[in-house]
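Open the model in your viewer and get ready to click. We will start with the whole chain and then work through a few selections.

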Amino acid sequence: MIRTKQFFGFRNVISKIFTNSTDSLADHMTEMYGKISEAGLTLTPHYIFSIVNNVQEDLPVYEVSVPVQEETVHLNDPEMTFRSYYFQKDLLSVRVLNDFGQQSLAVYSDLIQYAYNNKQEIVTPFFNVMTMHDDGTPWYMDVSCRVAGDSDDELLSEMLDLYQWAQSGQKWNGNVF
C-alpha cells in the first residue's frame with residue numbers, strides 16, 4: 001500500500017557517496033560501518049541508501065547515510081560528511097518486510113506507476129531506509145520518493161519499463177530496450 005505525505009528524519013548522520021563502483025551495496029555498507037567503528041562512534045539501528053544516478057547509462061552511484069548517537073564526530077575519511085540533521089518530507093512511501101532486494105524493485109515500479117497514473121513527476125531518488133533489529137538483522141525497509149506537479153510521461157514510462165525489466169531477473173546486456 002502506497003502511503004502519501006510521509007517523512008523521515010534522523011539526527012547526526014554520516015554520509016558518503018560511492019561513485020562508479022562495481023562493488024555491491026553490502027561492500028559499501030561494510031566499509032562505512034568499519035570507518036564509523038574506527039572513529040569510535042555508536043550506530044543506531046537505521047541506515048539510508050539511495051541510487052542517485054541513472055543506472056541504465058552508468059554504474060550505480062550510491063549515497064549511503066548512517067545515523068550515529070554522537071553529536072560531534074571526527075572522521076578520517078575526507079569523502080565522508082556529517083549532517084546534524086537529515087530530513088525528507090512529502091514522500092510517497094511503501095514498507096517492505098522481507099526479500100528486500102526483489103521487493104524494493106517491485107516497490108520502485110509501483111511508485112513510478114503511481115506517479116504516472118497521477119500525472120506527477122518523481123523529483124528525488126528513491127530513499128531506502130532500513131531499520132534493523134537489536135541483533136543487526138534487517139527488520140523492515142521503507143522505500144520512498146517525492147513527487148510533484150506535472151509529469152514527463154515519456155520519462156516515467158521509460159523508468160517504469162526499466163524497473164519492470166529489473167524485476168524480470170534478466171541479465172544486463174548493456175541495453176534494456
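Show the surface first. The chain exposes about 9900 Å², and carbon and sulfur atoms supply 48% of that area. Keep in mind that this is a predicted model.

Now switch to cartoon view. Count three helices and seven strands. Start at the N terminus and trace the order of elements: β-α-β-β-β-α-β-β-β-α. Of the 177 residues in the chain, 41% are buried. Look at contacts with a separation of 6 or more: 73% of them join residues 24 or more positions apart.

**Stop 1: the largest core**

Select I14, M32, I36, V64, L111, F126 and V143. Within the 33 residues of the largest nonpolar core, these touch the most other members. Next, colour the elements that each supply at least two residues of this core: β1 (3-18), α1 (25-38), β2 (46-51), β3 (62-67), β4, α2 (100-117), β6 (127-132) and β7 (138-148). Which element gives the largest share of this core? It is α2, with seven residues. In soluble globular proteins, nonpolar side chains tend to be buried together.

Another core lies apart from this one. It has eight residues, including F10, Y86, L91 and F127.

**Stop 2: helix α2**

Select α2 alone. Its 18 residues reach 25 Å from the first C-alpha to the last. That is close to the 26 Å expected at 1.5 Å a residue. Now show its buried residues: F100, S104, L105, A106, V107, Y108, S109, L111, I112 and A115. An α-helix has 3.6 residues a turn, so residues three or four places apart point the same way. Step just past the end of α2 to K119, which takes a positive phi of about 55 degrees.

**Stop 3: F126**

Move on to F126, in the loop between β5 (121-122) and β6. Is F126 buried or exposed? Its relative accessible area is 7%, so F126 is buried; the cut-off for buried is under 20%. Draw a distance from its C-alpha to that of S104: the two are separated by 9.8 Å. Along the chain they sit 22 residues apart.

**Stop 4: a patch on the surface**

Bring the surface back and select F7, Y85 and F87. Together they make a nonpolar surface patch of about 350 Å². Zoom in on Y85, which is found in strand β4 (residues 80-96). Y85 counts as partly exposed because its relative accessibility is 45%, and that class runs between 20% and 50%.

Technical notes. Residues are numbered from 1 along each chain as its sequence is written. This is a predicted model: local features need pLDDT of at least 70, side-chain atom pairs count only at pLDDT 80 or more; totals for chains, interfaces and linings use all residues. Side-chain values use heavy atoms; hydrogens and water are left out. Patches are made of residues with over 30% relative accessible area and no salt bridge: like charges are joined within 9 Å, nonpolar side chains (Val, Leu, Ile, Met, Phe, Trp, Tyr) within 5 Å. Accessible areas come from the Shrake-Rupley method with a 1.4 Å probe; for residues, only the protein chains shown count as cover. A salt bridge is a side-chain nitrogen of Lys or Arg within 4 Å of a carboxyl oxygen of Asp or Glu. Helices (H or I, at least four residues) and strands (E, at least two) are DSSP runs, numbered from the N terminus. Buried means under 20% relative accessible area, exposed over 50%, partly exposed in between (1.4 Å probe, protein chains only). Contact means heavy atoms within 4.5 Å. A nonpolar core is a set of buried Ala, Val, Leu, Ile, Met, Phe, Trp, Tyr and Cys residues joined through side-chain atoms within 4.5 Å. The expected span of a helix is 1.5 Å times one less than its number of residues.
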